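User: Could you take a close look at one part of this structure for me? Start from a single side chain and work outwards, and please spell out any cut-offs as you go.

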Amino acid sequence: MPAPVPPRRRFPLVAAAASLSLALSAPVALAAPGVSPGPSAGSGAATGSGPSATSGPSAGSGASATSDPSDPSASGSPSATPPARMSTVGGARLGVAGTQVQLAAGVPVLPKGLTARSWIVADAESGEVLAAHDAHWRLAPASTMKMLFADTVLPTLPSAERHKVVPADLAGIGDGSSMVGIKEGATYSVRDLWLGVFLRSGNDAVHVLSSMNGGLGKTVADMNAHAQDLQALDTHVVTPDGYDAPGQLSSAYDLTLFARSGLQKKDFRTYCSTVRATFPGETEKGDEGGKGGDSFEIQNTNRLLAGDTDVPVYQGIAGVKNGNTTNAGATFTGVAERDGHVLLVTVMHPQEDEHNEVYKEAAKLLDWGFTADGKVTPVGELVPPKGAAPASAQPGANPSGQAGGDGARSPQPDAAGRPVRSGGVGIALGVAGGVLALLAAGAYLVNRRWPLPDLMRRRPRG
């Protein structure tokens, strides 16, 4: 039986000062990924109103890994078709192959043209899953795995801590990895490194931070343990940067859990919403501070946040992370707010080989979700972490994304010394729902105020 979906509760939104962002230039387009063959994820047509209503591909035999969907290390590679058995974490319907949605009067049908192998759209506040398609299908996550990396490691390293890079820090980075440009012998702050992770998806920055965390092996173990704590049972981590590796798997459901957990942390919210920042360049001789004269600007590769020639900035977008490898294809998890609703969406492996397709499908699902939220009957829920105990939200509480401080910092400034973040109207978001949870360690708090940074209020580009 599916876990009961808690009644919706919301905290009021609080308006903050408005701020206009500088116009962004379109970033260089990423190469279209090579996508392995597989069935279409369905057109997204309406699927009826009963709890057993589904559409999309029929349940396949799946890989042997699906014999125990709770074991994240059971398979070495993704299945070619949706498995016959998938995890039912969050509700029984989420373990059924095909599209899961329960339409009713006044609820629009799902958008046409959805080709992703797996997707989910959920209310970030209540945790209600509004609709999903093979949400527990275990697939290669690419750099969206960096959300779990950040959620795991961010609390352990103070942002002001500085580290001089040695050759061992950069050992083992996969061929063709995305890089921010870390240099051996240069010194970087933890804040610099996290901006490299979130904006440029820099595997070099991940490796340096992993070294600071005790090494790659420890970091992978920490991430797998944290995934289990979050009840992200589809996930098995092999590399902390999400680089293709046998057995490295996650799911749209789990990636959404990682985003929701990470967004509890102020530093995480700040980094994932930053559009542009100045990154340190070559260290000048004798400059132990790592502030060489060749600093350069980096821009976020999340196209719904920064925009592109064929994708406008999405109204209300505030992060979180994109990914793209030959094996995984394109993956994306995003959070956006509009008209008092805060939604999370994850899209994995679109089969349509069009430029920026993953963002286009994510935008369609967000548009649908903002229209359907509060009207559609949920088909499941985003579960709280293991061991979460009921607790009252503390007024004004704002747990940090790092140890020993409140994380109240501005992102890196631009070349003129101005911080650049997604511009627009700043708001404070109430995280509501029936999960009200606070772990004894105080590291994870759900259903409380977690203000997103300034959200994008940009007119679509002509």
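Analyst: Let's start at D367, which is partly exposed with a relative accessible area of 38%. On this scale, buried means under 20% relative accessible area, exposed means over 50%, and partly exposed is in between (1.4 Å probe, protein chains only). Before going further, bear in mind that this is a predicted model, so to speak of local features takes a pLDDT of at least 70 and side-chain atom pairs count only at pLDDT 80 or more, while totals for chains, interfaces and linings use all residues. Residues are numbered from 1 along each chain as its sequence is written, and side-chain values use heavy atoms, with hydrogens and water left out.

So what does D367 do? Its side chain meets that of R338 in a salt bridge, at 3.6 Å from N to O. That pair ties together distant parts of the chain, with R338 in strand β10 and D367 in helix α8, 29 residues apart. Helices here are DSSP runs of H or I with at least four residues, strands are runs of E with at least two, and both are numbered from the N terminus. A salt bridge is a side-chain nitrogen of Lys or Arg within 4 Å of a carboxyl oxygen of Asp or Glu. The count by that rule is five.

Helix α8 has another such link. The side chains of D310 and K360 form a salt bridge too (3.3 Å, N to O). Here D310 sits in the loop between α7 (303–306) and β9 (317–325), K360 is in helix α8 (residues 357–372), and 50 residues separate these distant parts of the chain. D310 counts as partly exposed because its relative accessibility is 30%, and K360 counts as partly exposed at 28%.

Back on β10, E337 is in that strand, which spans residues 329–338. E337 is buried, with a relative accessible area of 4%. A polar atom of its side chain lies 3.2 Å from the backbone nitrogen of G340. That fits the polar contact rule: a pair of N or O atoms within 3.5 Å, where within protein one must be able to donate a hydrogen and the other to accept it, and residues adjacent in sequence count only if both atoms are side-chain atoms.

Just along the chain is strand β11 (residues 341–350), which pairs with β3 in the antiparallel sense over seven bridges. (Two strands pair if DSSP finds at least two bridges between them.) Within that pairing, I120 stands opposite T346 in β11. Strand β3 (residues 116–123) is mostly covered, with eight of its eight residues buried. β3 also pairs with β4 (residues 128–133), again antiparallel, over four bridges, and the bridge partner of W119 in β4 is H133. These two strands make a hairpin with four residues between them, and G127 in the turn has a positive phi of about 85°.

A few backbone oddities are worth a look in this area. H349 has a positive phi of about 60° although it is not a glycine; H349 is in β11 and counts as buried at 4% relative accessibility. N356 is another non-glycine with a positive phi, near 60°, and is found in the loop between β11 and α8. At 10% relative accessibility, N356 counts as buried. There's also a cis peptide bond joining G319 and V320, with omega about 15°, and V320 is in strand β9.

Now for a charged pair away from α8. D151 and K265 meet in a salt bridge through their side chains, at 2.5 Å from N to O. D151 is in helix α1 (residues 146–153) and K265 in the loop between α5 (252–262) and α6 (266–273), so the pair links distant parts of the chain, 114 residues apart. D151 and K265 are buried. The surroundings of this pair are covered as well: eight of the eight residues of α1 are buried, and α5 is largely enclosed by the rest of the structure, since 11 of its 11 residues are buried.
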